[in-house]
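Open the model in your viewer and keep the selection box handy. We will walk through a few stops together.

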Amino acid sequence: FGVPFVRAVCLTMPSIFSYESAEVDWCESNFVRSAVIAEYYNTISNVSFFLLSPALLYLNREYCQKKAVPLYFVSGLLLLVGAFSMYFHMTLSYVGQLLDELSILWTLAVAYSFWYPQAYFPKCIKTRRHFFWLTGITTVISTLMSFVKPTLNAYALNCIAFHLLYMTRKELKKCNDKRVHRMAAVMVMWWALAITSWISDRWLCWLWQAINFPYFHSFWHVLIALSLLYCCPLVIYFDVTYEMPSFKPKLEYWPSDSWPVVVPYVTLEEPHKQC
């Protein structure tokens with residue numbers, strides 16, 4: 001066909017960076033409140049991730065002082081999740097969609113790599129270094145597969161939550177601390193509200209548009225951030241129990257136990273003195 005034909009095809013093909021080139025479009029109407037922001041409320045609701053990361057680092061600073069890398073890595077990636085999700089909903093571009101979904105995938109991969117209890121490793125995995133390699137290879141393969149059908153990525157990523165809930169249930173059976181059980185219950189409540197909002201926006205868009213309230217995906221951003229605000233201290237609590245046996249994790253609430261709405265965090269009791 002020759003170079004002119006190829007050049008003509010390339011000119012007519014939409015750029016992967018172009019506005020509204022993504023395979024998915026959420027329920028909120030596009031460019032209603034801004035000429036440059038496609039989904040206004042879906043975009044600004046990602047501010048919740050920019051608040052989440054510093055809150056986790058500040059409140060769990062005792063853990064960071066003893067074991068800084070995991071929480072710093074995860075908190076940094078959560079900032080990227082917020083930034084890429086903001087870019088995606090602002091442009092609805094194909095690249096934005098991939099960055100949004102892949103940032104979540106890599107955040108989960110890093111969290112699993114650092115915090116997955118060694119007691120649950122597959123029998124063929126003997127050390128955490130080997131588990132790093134397994135997680136890394138699996139994540140790279142999943143990343144490449146994400147380019148095949150990006151619209152399926154979000155459903156697959158949400159399914160990982162069921163494994164996290166299963167692991168939480170197993171750990172709670174071993175734990176007698178009522179505070180930990182309360183924190184897990186609140187985490188599940190926020191997650192249930194978040195996933196309900198996500199599914200409602202995806203499957204019941206016709207209803208929300210009929211009543212002029214198509215904003216449930218923006219609720220998803222805020223609610224899943226709240227869920228993570230409880231999930232991360234819970235994971236840290238169990239990580240200290242498994243990986244730092246010389247310390248005893250203690251669950252505290254900010255700003256105070258007496259407040260009706262609180263944010264949990266983990267403190268470390270001093271190591272037992274040797275006689």
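Start by selecting S48, F49, L52, A55 and L56 in α3: these residues meet H221, V222, I224, A225, L228, L229, C232 and P233 in α11. The contact of α3 with α11 has 11 nonpolar residues, two polar ones and no charged ones. Bear in mind that you are looking at a predicted model.

**The two helices as a pair**

Now widen the selection to the full helices, residues 47-59 for α3 and residues 216-243 for α11. Two packed helices are described by the angle between their axes and the distance between the axes. Here the axes come within 9 Å and cross at roughly 10°. Because angles under 35 degrees count as roughly parallel, α3 is roughly parallel to α11. Turn the view until one helix lies in front of the other, and look at the handedness: α3 passes α11 in a right-handed crossing.

**A serine in α11**

Stay in helix α11 and pick S218. Is S218 buried or exposed? Its relative accessibility is 7%, so S218 counts as buried. Next, show what surrounds this serine: leaving aside residues up to four places away in sequence, S218 touches Y41, N42 and S45.

**The disulfide**

Select the cysteines next. How many disulfides does a search of the whole structure find? The search finds one, and it joins C27 to C205, with an S to S distance of 2.2 Å. A disulfide is a covalent bond between the sulfur atoms of two cysteines. Color the chain by residue number to see which parts are linked: C27 sits in the loop between α1 (3-12) and α2 (40-44), while C205 belongs to helix α10 (residues 205-210). The two cysteines are 178 residues apart, and the pair links distant parts of the chain. If you set up a dihedral about the S-S bond, expect 90°, a right-handed link. Both C27 and C205 are buried.

**Cysteines to compare**

Move on to C64, which is in no disulfide. Draw a distance from its sulfur to that of C232, the nearest cysteine sulfur, and you should read 11 Å. C64 counts as buried because its relative accessibility is 8%.

Finish at C124. Which side of the cut-offs does C124 fall on, buried or exposed? With 63% relative accessibility, C124 counts as exposed.

Methods:
Residues numbered from 1 in each chain as written. Predicted model: local features only at pLDDT ≥ 70, side-chain atom pairs only at ≥ 80, totals over all residues. Heavy atoms only, no water. Axes fitted to C-alpha atoms, helices over the stretch in contact; angles between N-to-C directions. Helix = DSSP H or I, 4+ residues; strand = E, 2+ residues; numbered from the N terminus. Parallel < 35°, antiparallel > 145°, perpendicular 65-115°, else oblique. Left-handed = near helix turned anticlockwise from the far one by under 90°. Contact = heavy atoms within 4.5 Å. Nonpolar A, V, L, I, M, F, W, Y, C, P; charged D, E, K, R; others polar. Buried < 20%, exposed > 50% of the residue type's maximum accessible area, 1.4 Å probe, protein only. Disulfide = S-S within 2.5 Å.
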